[in-house]
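Trainee: I have a structure open and would like to learn how to describe the way its helices pack. Could we go through it together?

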There are 2 protein chains.
Amino acid sequence: MVRRYAILGTGAIGGYYGACLQRGGAEVHFLLHSDYDHVVNHGLVIESVTGDFALPKVYAHRHTNTMPPIDVVIIALKTTQNALLPQLLPPILGPETALLTLQNGFGIEAELADWASHDQLARPQNPTILGGLCMICANKVSPGTIRHLDYGSVLLGQHRADHQPAGVSPLLRAIGQDFQAGQVTVEMVDDLRLARWRKLMWNIPFNGLSVVMNATTAEMMADPSIRQLAEQLMVEVLEAAQCDGDRFSPGQGRHLPPELIVHMLTHTEHMAPYRTSMKIDFDQGRPLELEAIYGNPLRAAQAAGAAVPTIESLYHQLKAMDSASKHQ
Amino acid sequence: MVRRYAILGTGAIGGYYGACLQRGGAEVHFLLHSDYDHVVNHGLVIESVTGDFALPKVYAHRHTNTMPPIDVVIIALKTTQNALLPQLLPPILGPETALLTLQNGFGIEAELADWASHDQLARPQNPTILGGLCMICANKVSPGTIRHLDYGSVLLGQHRADHQPAGVSPLLRAIGQDFQAGQVTVEMVDDLRLARWRKLMWNIPFNGLSVVMNATTAEMMADPSIRQLAEQLMVEVLEAAQCDGDRFSPGQGRHLPPELIVHMLTHTEHMAPYRTSMKIDFDQGRPLELEAIYGNPLRAAQAAGAAVPTIESLYHQLKAMDSASKHQ
């Protein structure tokens, strides 16, 4: 069976993974906005460290209401655009459509589940909600052209309303195989929530500090004060993840290993100097993904009884910078 | 008796208060650097909200070794220049010379006492160390000219090596009278250490956040996130002051009242928009007074067992910004 995918948001993430899925044989429908005319005429081009490829013909759409019914909707908008989803989703949701968010941050799956259970569509059951964590450096460099700079794997897991590990379902495995057919390295995990915390251990220090300190990853690692601050933020994320694991699964040990902190710091130190996605958003005057990366995990940490004052302080600073930024 | 004062550092603070002391009848010797020639020829001019005045003739010096023996040495350098003191002080210290620091921050009196007890001069006793907290908005606007914009009082207290309240000694009272004769409003306090914590309740939030957030006091108060962060920093200073009071004087209630937080926030909200001294230093590429305003109180708080994570985080950010600044 050929699965039919919709890509909501054909930026770097949506464009790259959508193109890979199509390359692997899936039927992929791309939602486009400013790039629509270009992509209708020229398709998509991926300039990749692992080999360039082009898709001269793609299914391009300006609206989801021109799309056929979809098996898997991949959400690759910025989280700051998620208010568009209640308009975008209904035309393409069938009774068995799954939602897969490739967005950064925390709590997005729960928001999707919450919306889906309250929307106006009569459906026999709530849709399956999946999350994907993209380990990739990629940028859209011109209309229809995405430059893939480094990494490129994706980690897939399933959301459960009770925040328990969901295991790897046949659907998740099938989607994983579609990505693999498109030459994407895939990891499938039982425990999406713990994987989200793990990714936040990097995103919370380095996304925020890159904006407040106006620095690349290399500059941050070279300054002992910023490095110490990054480490303190990681300690607080680890503590938050631990309290959150204990809250929903007491005694089950849904914890991140403390040695991850040194591992991530060392890894970041040896990475090529990198401008984080939040810094790129800030420099380009776009709204920051503050609630996904800071607000939601902060509230989850506090609900679980974790002390996260350094995260809270950074969140307030970023909120002030975001609201003073020119996009307002 | 006419007391003889030396002013080390004839900037806004040293120039203003030194000129007031001379106006009141004291003999005042000013240490000058780049402004020396101008001041020798033209004296000092104070453009003040409370009435301009000029001192056409002042005792101006390039070095302390041209000064006569001094009764009270007023230290009005930036704290970042305190490494100069071991050269500046010995020529003017007699057996009864007192040191009065008008500098910002915390722990400076203890550093002076420590230096004085270890220096090479044979003295019958350690010098009296006094501290003055200047409540003033003033800037040096050109050589020998200081603009006094608002406020102008000074709070005087005496340091004790054991950090107990020192009371108001006859010397302190006499110095206070010299300031009053120069039309300065003076408050004399028993407990200099508690007064230092009180002033930090304003300086710790607003000096640091003005630099990191690139904002005036009015801009900070207008943003709800920065306001919340400022309030959290005040809560931590209050907690630090309380633990510090309990450490050195258990059960004596050397505490700041919690309602000071709302009082200071409200006061700041109604102040004319103000660029803090640390922001001015940063904008002009000068080193920041980080150890006096952040490092020393942070270490005192930690030694007293207070939890001050938000102060610590701000300190690390400022250290990184200071070390990236062009003065390096």
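Trainee: Is the crossing of α8(A) and α12(B) left-handed or right-handed?

Mentor: Good place to begin, and keep in mind that this is a predicted model. Here α8(A) comes from chain A, while its partner, helix α12 (residues 309-324), belongs to chain B. The crossing of these two helices is left-handed.

Trainee: How is α8(A) oriented relative to α12(B)?

Mentor: Two packed helices are described by the angle between their axes and the distance between the axes. For α8(A) and α12(B), the axes are 7 Å apart and the angle is about 150°. Angles over 145 degrees count as roughly antiparallel. Therefore α8(A) and α12(B) are roughly antiparallel.

Trainee: Which residues of α12(B) make the contact with α8(A)?

Mentor: Start on the α8(A) side, where Ser225(A), Ile226(A), Gln228(A) and Leu229(A) take part. By class, the contact has three nonpolar, five polar and one charged residues. On the other side, the residues of α12(B) are Ser313(B), His316(B), Gln317(B), Lys319(B) and Ala320(B).

Trainee: Which helix gives the most to the side of chain A that touches chain B?

Mentor: The whole contact takes 15 residues from chain A and 15 residues from chain B. On the chain A side, α8 and α12 each supply at least two residues. With eight residues, the helix that gives the most is α12(A).

Trainee: How are the two copies related?

Mentor: Two copies of a chain are related by a rotation about an axis and a shift along it. Chain A is superposed on chain B by a rotation of 180° with 0.0 Å of shift along its axis, at an RMSD of 0.0 Å. The copies are thus related as by a two-fold rotation axis.

Trainee: Why do we say that the copies meet through the same surface, and what percentage of the interface residues of chain A supports this?

Mentor: We look at which interface residues of chain A are also interface residues in chain B. The copies meet through the same surface because the share is 100%.

Trainee: What is the orientation of α8(A) and α11(A) to each other?

Mentor: Within chain A, helix α8 (residues 224-248) packs against helix α11 (residues 290-303) at about 55°, with their axes 8 Å apart. The contact is made by Ala240(A), Cys243(A) and Asp244(A) of α8(A) and Pro297(A), Ala300(A) and Ala301(A) of α11(A). That angle falls between the roughly parallel and roughly perpendicular ranges, under 35 and 65 to 115 degrees. The two helices are therefore oblique.

Terms used:
Residues are numbered from 1 along each chain as its sequence is written. Chains are lettered from A and ligands numbered from 1 in the order in which they are written. This is a predicted model: local features need pLDDT of at least 70, side-chain atom pairs count only at pLDDT 80 or more; totals for chains, interfaces and linings use all residues. Axes are lines fitted to C-alpha atoms, for helices over the stretch in contact, and angles run from 0 to 180 degrees between N-to-C directions. Helices (H or I, at least four residues) and strands (E, at least two) are DSSP runs, numbered from the N terminus. Two residues are in contact if their C-beta atoms, placed from the backbone, lie within 7 Å. Copies are superposed by least squares on the C-alpha atoms of residues with pLDDT of at least 70 in both. A crossing is left-handed if the near helix is turned anticlockwise from the far one by less than a right angle, and right-handed if clockwise. Ala, Val, Leu, Ile, Met, Phe, Trp, Tyr, Cys and Pro count as nonpolar, Asp, Glu, Lys and Arg as charged, and the others, Gly among them, as polar.
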